Amino acid sequence: MESIPDLIRKKRDGETLSDEEIKTFIKAVSDDSIQDCQIGAMLMAIWIRGMVNTETTTLTQEMMTSGEVMSWPKEWAGMVVDKHSTGGVGDKVSLVLAPALAACGCKVPMISGRGLAFTGGTLDKLESIPGYSVNQSGAQIREILESVGCCIVGQTKKLVPADRVLYALRDATSTVDSLPLITGSIISKKGAESLNALVLDVKFGRAALYKNQKSAKELAQSLVNAGNSLGMRTAAVLSLMHTVIGRCVGNSLEVIESLETLKGRGPDDLMELVTTLGGVLLVMIGLVSDQSEGQKKISDAVIGGAALSKFQAMMEKQGVAKEKALSLCSTQTDYFSVLKKAKHQVELKTSTKGVIADVDGLVLAKILQKLGAGRSKAGEPINHSVGAELLVSLGQKVEKGVSWLRLHYDDLAPTSDQMNQLQNILTVGKHEDAKIKEKETLVKEILLPH
């Protein structure tokens with residue numbers, strides 16, 4: 001058997017690693033028989049030299065089986081699904097999609113992550129609901145799926161331990177943005193959920209990791225290939241991420257917007273993503289015959305209230321007191337009687353009349369992160385009540401002096417420089433500028449399994 005330095009040298013020199021060699025490396029990572037500096041060297045060699053498809057598939061497979069792989073009852077065969085997003089601003093899709101899929105008869109063991117830098121995390125959003133516990137054992141996950149059909153939880157200690165080690169070291173060695181390493185990390189965790197179908201929301205644009213459709217498609221294709229090679233039907237949706245999804249950014253505020261959507265009052269862009277991603281999954285598991293039927297089924301589950309009932313049941317099963325869950329899901333409710341409200345709200349006014357042409361989601365998210373809504377390193381606490389609400393929509397006509405953004409902040413007040421930056425994220429254009437923006441859809445392409 002070749003030594004670890006031999007494997008590092010081989011990859012450094014641009015050679016292809018065999019299945020056995022990748023297995024040796026991941027086993028050493030998992031059982032702690034390798035030095036951190038050696039892992040770092042291998043990660044850098046992979047970052048520089050890349051991997052061919054067979055290497056990426058083996059890497060993903062070995063990471064997946066480095067820990068516990070979930071198993072489900074036979075009667076759920078063909079119905080276990082999930083979705084993963086590469087992260088955006090105001091991305092609350094999971095909170096609406098998971099219960100909508102459960103209402104359509106799917107089982108959704110959604111294992112989500114926390115926010116880091118400017119991208120929000122689904123777990124942080126849900127933890128703004130008092131009592132909601134994201135830590136559930138394998139047995140508890142199974143029990144929640146049995147009775148509700150969906151759960152949204154954090155990664156258990158036993159799931160893909162190799163990824164936890166590699167993920168931390170990728171951050172420390174500047175190898176985060178490597179196609180095979182991103183693919184291995186995402187698909188190994190989803191593979192360990194033993195899914196029948198997976199849909200990936202790969203975002204591109206100003207407020208996304210990938211700035212253009214071409215680079216996003218490259219990642220999407222890598223993820224789709226790896227997922228399908230593990231026996232999961234895997235598809236990807238390429239979606240635009242320039243501004244904000246919906247109108248709210250920040251943990252508590254995004255929960256409120258998700259609940260409003262589940263009550264049939266959601267913004268069009270959020271519903272477009274929910275129905276497209278859900279529709280793709282329903283087609284892949286054969287529950288519907290085509291995409292438009294799938295989208296209608298998901299839309300009906302949301303608008304008709306079935307998804308809201310599932311969300312309420314999921315909250316209760318994951319630790320939220322019955323009366324609080326009921327209050328949040330009531331048609332007319334004061335959300336802040338349950339969720340924490342920031343101490344201060346301030347509204348920004350338009351400085352000119354015209355049409356709302358653009359809002360820079362990236363700058364907004366970065367400022368909110370600094371005010372406490374996000375974290376700059378893993379493990380840091382966050383303030384769930386900090387956030388912002390857009391009070392206008394793209395394409396809307398406005399007069400000068402109209403409120404366009406409501407900022408929610410706590411003890412950490414925005415500086416005058418931050419307030420100026422916020423004012424500058426808004427572009428008010430002439431009437432013709434906005435026609436295109438108003439009609440622009442977010443979904444640009446769908447990659448289906450072969």
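Which residues line the second largest cavity? Before we look inside, keep in mind that this is a predicted model. The lining is made up of Leu 43, Met 63, Asp 163, Leu 166, Tyr 167, Arg 170, Leu 181 and Ser 185. With those residues picked out on the structure, you can see where to start exploring.

Let us put this space in context. A search of the whole structure turns up 3 cavities of 30 Å³ or more, and the second largest cavity has a volume of about 40 Å³. Two helices are worth finding here: helix H8, spanning 161-172, and helix H9, spanning 179-191, each give at least two residues to the lining of this second largest cavity. The largest share of that lining comes from H8, which supplies 4 residues. Sorted by class, the residues around the second largest cavity are 5 nonpolar, 1 polar and 2 charged.

Now let us move along the chain to a sheet. Here you will find an open sheet of 3 strands, arranged in the order E10-E8-E12 and paired in the antiparallel sense. Strand E10 (397-398) and strand E12 (426-429) stand at the edges, and because each has a single partner strand, one side of each is left without a neighbour in the sheet.

To follow the pairing in detail, look at strand E8, which covers residues 354-359. E8 and E12 are joined by 4 bridges in an antiparallel pairing. For a spot to zoom in on, try Val 355, which stands opposite Gly 429 in E12.

Conventions. Residues numbered from 1 in each chain as written. Predicted model: local features only at pLDDT ≥ 70, side-chain atom pairs only at ≥ 80, totals over all residues. Heavy atoms only, no water. 1 Å grid on protein atoms, 1.4 Å probe; cavity = no way out; pocket = protein on both sides within 12 Å on 5 of 7 lines; lining within 4 Å. Points joined across faces, edges and corners; volume = space filled by probe spheres on them. Nonpolar A, V, L, I, M, F, W, Y, C, P; charged D, E, K, R; others polar. Pairing = 2+ DSSP bridges.
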